[in-house]
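Let's take a friendly walk through this protein chain, from its overall build down to a few individual residues. Keep the viewer open as you read.

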Amino acid sequence: MCRDDPMVPVPYRVAARRPETGDVVTLDLVPAAAPIPDPEPGQFTMLYAFGVGEVPISVSGLPGDEGVLRHTIRAVGATTAALSGTEVGHHVGVRGPFGRGWDLDATDGADVVVVAGGLGLAPLRPVVRHLAAGPTGRELAVLVGARSPDAVAFAGELAGLDRRGDVQSAVIVDAASPAWTGPVGVVTDLLAHVQVDVARAVALVCGPEPMMRFAARALEAMGVGPERIQVSLERSMHCGLGRCGHCLLGPRFVCRDGPVFRWSDAAPLLGVRGR
């Protein structure tokens with residue numbers, strides 16, 4: 001194996017496999033050869049299901065987290081179904097890490113609003129864990145939207161945040177079950193209840209593109225400047241290196257120049273049709 005070729009996957013063994021929802025699992029991967037560099041929060045890797053295909057998956061763990069590379073995957077096609085179904089002890093291929101992650105330096109001394117829609121919580125999870133474990137003196141709001149109560153990923157961790165007195169945490173669903181006692185609606189509805197200093201607040205947003213547009217506009221209406229809003233874009237990424245052009249968005253390659261962009265840079269691009 002040519003270790004200097006970024007197109008050659010490194011074999012990783014599945015050390016643990018945890019169901020999150022009916023169609024979402026988290027895989028803990030450990031290297032079977034020399035490992036890839038530790039990904040930063042917001043970066044992604046290309047995960048390869050041998051004999052099936054390769055897809056980009058965001059990292060859902062902290063760098064060096066318990067000695068494993070952690071990915072949370074929803075089964076939506078043949079490759080993601082094969083990856084999410086990989087049993088403990090079997091292997092997948094990993095390339096990366098790729099892209100630009102969350103600018104955590106921008107959160108220093110700032111109140112932080114995290115807005116996640118659906119599985120958009122996965123690439124934000126390392127940031128939430130990092131900020132929640134950091135020094136106090138800031139307001140941290142974690143707002144999560146899901147289709148239904150049984151579609152909420154990391155429900156145990158979110159419940160833990162909700163029990164803390166120093167984190168504003170809320171989950172909202174599109175459609176409630178009989179046992180659901182929380183709010184029903186869209187995640188942007190939760191912004192009206194957030195208490196932060198908008199003059200120094202930073203927002204981190206990830207989820208479906210329409211949700212991110214509405215969330216960014218609502219944050220701007222609150223007084224959070226577009227340069228202080230970060231969004232993570234999902235486009236069709238194939239190589240991870242900006243070579244194939246599949247993720248071209250205007251003049252930017254999402255895999256190389258993103259996936260995290262400031263809203264001030266992303267807003268003009270989201271109306272551009274990629275290749």
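**Overall build**

A residue is called buried here when its relative accessible area is under 20%, and exposed when that area is over 50%. By that yardstick, buried residues make up 49% of the 275 residues in the protein chain. Please keep in mind that this is a predicted model.

The chain has six helices and 14 strands. Its radius of gyration is 18 Å, close to the 19 Å that the globule rule gives for 275 residues, so the chain is as compact as a globular protein of that length. Along the principal axes, the C-alpha atoms fill a box of roughly 50 × 45 × 35 Å. If you count contacts between residues at least 6 apart in sequence, 70% of them join residues at least 24 apart.

**Surface and charge**

The accessible surface of the protein chain comes to about 12000 Å², and carbon and sulfur atoms account for 53% of that surface. The chain carries 25 positive and 29 negative charges, and the mean positions of these two sets are 5 Å apart.

For a residue on the outside, look at Gly-22, in the loop between strand E1 (10-21) and strand E2 (24-31). Gly-22 is exposed, with a relative accessible area of 85%. Glu-139 is 117 residues away from Gly-22 in sequence, and their C-alpha atoms are 33 Å apart in space.

**A covered helix and a buried serine**

Helix H2 (residues 121-132) is mostly covered, with ten of its twelve residues buried. Among these buried residues are Leu-121, Ala-122, Arg-125, Pro-126 and Leu-131. Which elements cover them? The cover includes E4, E5, strand E7 (112-117), strand E8 (140-146), helix H3 (155-163) and strand E10 (202-206).

Ser-60 sits in the loop between strand E4 (53-58) and strand E5 (69-74). This serine is buried, with a relative accessible area of 0%. Leaving aside neighbours within four places in sequence, Ser-60 is in contact with Ala-122, Arg-125 and Pro-126, and also with Thr-26, Arg-70, His-71 and Thr-72.

**Cysteines without disulfides**

A disulfide is a covalent bond between the sulfur atoms of two cysteines. How many disulfides does a search of the whole structure find? The search finds zero. The sulfur of Cys-239 has its closest cysteine sulfur in Cys-244, 3.8 Å away, which is too far for a bond because the cut-off for a disulfide is 2.5 Å. Cys-247 is likewise in no disulfide, and its nearest cysteine sulfur, that of Cys-255, is 3.6 Å away.

Are Cys-239 and Cys-247 buried or exposed? Cys-239 is buried, with a relative accessible area of 6%, and Cys-247 is buried too, at 2%.

**Backbone details to check**

Most residues other than glycine have a negative phi, and most peptide bonds are trans. With that in mind, here are some spots for a closer look. A cis peptide bond joins Gly-96 and Pro-97, with omega about 0°; Pro-97 belongs to strand E6 (residues 91-98). The bond from Gly-258 to Pro-259 is also cis, with omega near 10°. Pro-259 is in the loop between helix H5 (254-257) and strand E14 (260-262).

Phe-154, in the loop between E8 and H3, has a phi near 55°, a positive value in a residue other than glycine. Phe-154 is buried, with a relative accessible area of 5%.

Key: Residues numbered from 1 in each chain as written. Predicted model: local features only at pLDDT ≥ 70, side-chain atom pairs only at ≥ 80, totals over all residues. Heavy atoms only, no water. Helix = DSSP H or I, 4+ residues; strand = E, 2+ residues; numbered from the N terminus. Buried < 20%, exposed > 50% of the residue type's maximum accessible area, 1.4 Å probe, protein only. Rg over C-alpha atoms; globule rule 2.2 N^0.38 Å. Contact = heavy atoms within 4.5 Å. Areas by Shrake-Rupley, 256 points an atom, 1.4 Å probe, with all protein chains shown as cover. Lys, Arg positive; Asp, Glu negative; His and termini not counted. Charge placed at Lys NZ, Arg CZ, Asp CG, Glu CD.
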